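Please open the model in your viewer and keep the selection panel at hand. The stops below are given in viewing order.

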Amino acid sequence: MVHFSGRDAGNSAFDTENIHCITETSDGEMYFGTMDGLYRLNDPYGNPKITRYQYQSHDSLSLSNNLVVTVFEDKNGQIWVGTIGGGLNLFDRSSEKFRRFGEKEGLPENTIRSIFSDTQNRIWISTNLGIARLNPDDLSIKAFRSNVIQNVGEFLHGSVTIDAEGFLY
């Protein structure tokens, strides 16, 4: 077990009281979704280093919104970041830049509630107004809206699961 506070690694700005989600990647990095952006913790068991990523109005390759509520690593090791109001982001770890996906790219709306992948490695995104499927090969998005989905109201954070037969709920 590792005990870590925001003051470790010389970053007193890391507010541990406002964490919405924590994701550990297959290579041991940790990502924290907060009300103040995305935090990346490299080498948490050795020499930890924290990097904060935030929305920058002048930079279209920055995080789309600071309210990060879900972080997901897909089977290819790509990091997907969901925000409240800023849509979906694909984080490029080497360049430390983000590619943004929102309503213009085909999402039902820009409040992301959950990110998940199915057995075919397609990325599923739940929003307040429906769900969307993203093809990781060409980054195309197909939104699913129906009267049934719209009458449900808001989806909750983390409101997704897959059963043994591969059905997504």
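Burial is used here with fixed cut-offs: buried means under 20% relative accessible area, exposed over 50%, and partly exposed in between, with a 1.4 Å probe and protein chains only. The model is predicted, so local features need pLDDT of at least 70 and side-chain atom pairs count only at pLDDT 80 or more, while totals for chains, interfaces and linings use all residues. Residues are numbered from 1 along each chain as its sequence is written, and side-chain values use heavy atoms, with hydrogens and water left out.

**Stop 1: Arg-40 and Glu-29**

Select Arg-40, which is buried at a relative accessible area of 7%. Add Glu-29, also buried, with a relative accessible area of 8%. Their side chains form a salt bridge at 3.1 Å, N to O; the term stands for a side-chain nitrogen of Lys or Arg within 4 Å of a carboxyl oxygen of Asp or Glu. This pair links distant parts of the chain, 11 residues apart: Arg-40 belongs to strand E3 (residues 37-42) and Glu-29 to the loop between E1 and E2. Strands (E, at least two residues) are DSSP runs, numbered from the N terminus.

**Stop 2: Arg-93**

Keep Glu-29 and add Arg-93; the two side chains meet in a salt bridge of 3.1 Å, N to O. Here the partners are 64 residues apart, with Arg-93 in the loop between E7 and E8. Now select Asp-27, whose side chain makes a salt bridge with Arg-93 at 2.8 Å, N to O. Asp-27 sits in the loop between strand E1 (19-24) and strand E2 (30-34), and Arg-93 in the one between strand E7 (88-92) and strand E8 (97-101), so this pair ties together parts 66 residues apart in sequence. Is Arg-93 buried or exposed? At 19% relative accessibility, Arg-93 counts as buried.

**Stop 3: the network**

Extend the selection to Glu-73 and Glu-96: with Asp-27, Glu-29, Arg-40 and Arg-93 they are linked in a network of salt bridges. The structure holds eight salt bridges.

**Stop 4: the sheet**

Move to the open sheet of four strands, ordered E9-E10-E11-E12 with antiparallel pairing; two strands pair if DSSP finds at least two bridges between them. Strand E9 (112-117) and strand E12 (141-144) are at the edges, each with a single partner strand, so one side of each has no neighbour in the sheet. Finish on E9 and strand E10 (residues 123-127), which pair in the antiparallel sense over five bridges. Within this pairing, select Ile-115, which stands opposite Ile-125 in E10.
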